[in-house]
Amino acid sequence: MTSMATLCQDISTKLERLCLLGAGALLLINVATVMLGVFSRFYRPPIWTTDLAKITLVWMVMLAAAPALKQGEHMAITILVDRLPQNSRRIVCLLRKLCFISILALMIWLGFTYTYKMRLFTIMTLGIKKSLPLMAIPVGMTLMLIEYLLQQFTPTGALVNLSTTEASPSSDTEYQEHGIKER
Amino acid sequence: MAIILLCIFFITLASGLPLFAAMLSTAFAGIIYIDKLGQLRIMIQQFYGGMEPFSLLAIPYFILVGELMSHSGLTSRLLRFSEALVGHLKGGLGYVTVVASIIFAGVNGSAAADASAVGSIMIPAMKKGGYPDSYAAGLTAGSSLIGPIIPPSIFMILFGAMTKTNVGALFIAGVVPGLLLGIAFIIMHRISAARLALPIVNSKFSFKELLLSTGGAIAALFAPGIIVGGILFGFMTPTESGAVACGYVLIMGLMWTRQLSRKGILQSVCNTVRLTSVIFIVIGAATIVGWILSSERLPQQLAPLVMQYASSPSMVLLFISCIIFLIGMFMEEIAALVLLTPVFSPLAAQAGIDPLHFGIVMTLNITIALITPPMGACVYIVSSVGNVPLEKMFKHIWPFVAVALICQLLLIFVPELSLWLPRLLGY
């Protein structure tokens, strides 16, 4: 393994841990916030619990997107591509990579411009700018793009080259505990 | 226009792009097609809006409940209880699988969680007990369909959020159809047990073992009571009941079973956030496509076409079900639900179909897609946890699909099956 590949793998692992740490913490905050809303119902219920729960959910989702991409959990069907002749497959894979990078780049650009436009609005219950929750989308997409690009330089990059061999199990379906991944 | 978008979607999906990226590509193409490039920010608005409804918060909670149950040993206690209850019957392990799925369905909102948790223990046990591996795997996959019908249910939460239908009422409406599905698989297994001459595991019923296993599983059996009871008595919304269930299972794992380690909690949280992320990004992307289809008035264009051929509400439902079944075979289930709900719910309303009835029919329809080739997610899971070749599973899954479809037809033509309980409870 080249030093470049090792470096990319290290960065990728650290990025994954950092994202999972942030997303996990947000999930726990989220559960605690909603439970606080339930149990304080009979005594001065705070008005901000619902909004905080929504914001932490969106941030959690977007932070965990990059680790999910690294683990190959975003459902992709490549059974058809895998049956193509080698030259055709190379072309399709290249187009797929370009398309994926373009879509992420588009969402990053749209996300940041829209977030900037919304900086003037405030969420009344929390007293924060509306751009803070919206920022989750471009940040999450940026992390996904970084993760994807890092994977192109590592030997395990096959995961994120999106080459799952079968129609892999869908979203709410892959139970990591049992290591289920159709590849 | 819808046909063009569908073609773009399937081409991008077939190229191997992740589902959410294929949907975002389709949405971008749709915005270009309807000449609204100046309104590209709608992609972000809709993407965020699709993930934001408070009711959707219940999804990660119910995933976390299932994860924590697996790591805290509550799942194996539920299986022991199921075995004590029905293990003495002929072909007992099959009954244990179905009963365990029914009980597990009351705690976890996902068929996948059910297939994974029950399958990883029951398929090896059934194989060891002399069951044909394809039958053992098929029964597990079939039984996992009960998961999203008996409350809580991820699909119902999604449907409720999208159609502004009361999620609590949907949960209550799912009880009878879920039990009906369970009974159907029990009947099917009874017939198969005689035909395949399946063995009995425990030679006789032991009341002592039943009491012991009930004592062991009491904490797990209490969880559905918290979830459904909290909603029923108006203490909590489905979202809040999910959060409380998380807290309850966490406490039980730490203090009752004492099997939940720090590592187990960490693993549960990591798995939950990744799975939730995958689901929600698909929801966000599908919301954009759904908005494009709605803004192009697809439901309104579809209504006269359907009404022309389907005279009664039941026939409209049957027509919708056929379309959903076909699309569900080739599309990921959550994506199918998010895309098709805005298209078909106005149609159902126009035909005078009760939203609760439509919600249950739609949920069951999407759920059946989880075991239909070539995209049935539960088939892949069961194949993996049970070490059963995929080809073998796809060949032998059809009887289980047929049983589920018979239940679906019953639901379509007898609306009272889903509406009786909610009406009784004043919804």
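Colleague: How many residue pairs are in polar contact between chain A and chain B, and what makes a polar contact?

Modeller: There are six such pairs between chain A and chain B, with both residues at pLDDT 80 or more. A polar contact is a pair of N or O atoms within 3.5 Å; within protein, one must be able to donate a hydrogen and the other to accept it, and residues adjacent in sequence count only if both atoms are side-chain atoms. This is a predicted model, where local features need pLDDT of at least 70 and side-chain atom pairs pLDDT 80 or more, while totals for chains, interfaces and linings use all residues. Residues are numbered from 1 along each chain as its sequence is written, chains are lettered from A and ligands numbered from 1 in the order written, and side-chain values use heavy atoms, without hydrogens and water.

Colleague: Why is the meeting of A:Glu73 and B:Arg274 called a salt bridge?

Modeller: Their side chains come to 3.3 Å, N to O. A salt bridge needs a side-chain nitrogen of Lys or Arg within 4 Å of a carboxyl oxygen of Asp or Glu, so this pair qualifies. The count between chain A and chain B is one salt bridge.

Colleague: How do you know that A:His74 is buried or exposed?

Modeller: Buried means under 20% relative accessible area, exposed over 50%, and partly exposed in between (1.4 Å probe, protein chains only). A:His74 has 5% relative accessibility, so it counts as buried. A polar atom of the A:His74 side chain lies 3.2 Å from the backbone oxygen of A:Ala65. Beyond its neighbours within four places in sequence, A:His74 is in contact (heavy atoms within 4.5 Å) with residues including A:Met144, B:Pro18 and B:Phe20.

Colleague: Which residues of helix 22 of chain B are buried, and why are they said to be on the same side?

Modeller: In helix 22 (residues 416-424) of chain B, they are B:Ser418, B:Leu419, B:Leu421 and B:Pro422. They cover an arc of only 160° around the axis, which puts them on the same side of the helix. The arc is that of the directions from the helix axis to the C-beta atoms. On the other side, B:Trp420 and B:Leu424 are exposed. As for the word "helix", helices (H or I, at least four residues) are DSSP runs, numbered from the N terminus.

Colleague: What covers those buried residues?

Modeller: The cover of helix 22 of chain B includes helix 10 (167-173), helix 11 (175-196), helix 18 (355-368) and helix 21 (398-413) of chain B.

Key
Helix = DSSP H or I, 4+ residues; strand = E, 2+ residues; numbered from the N terminus.
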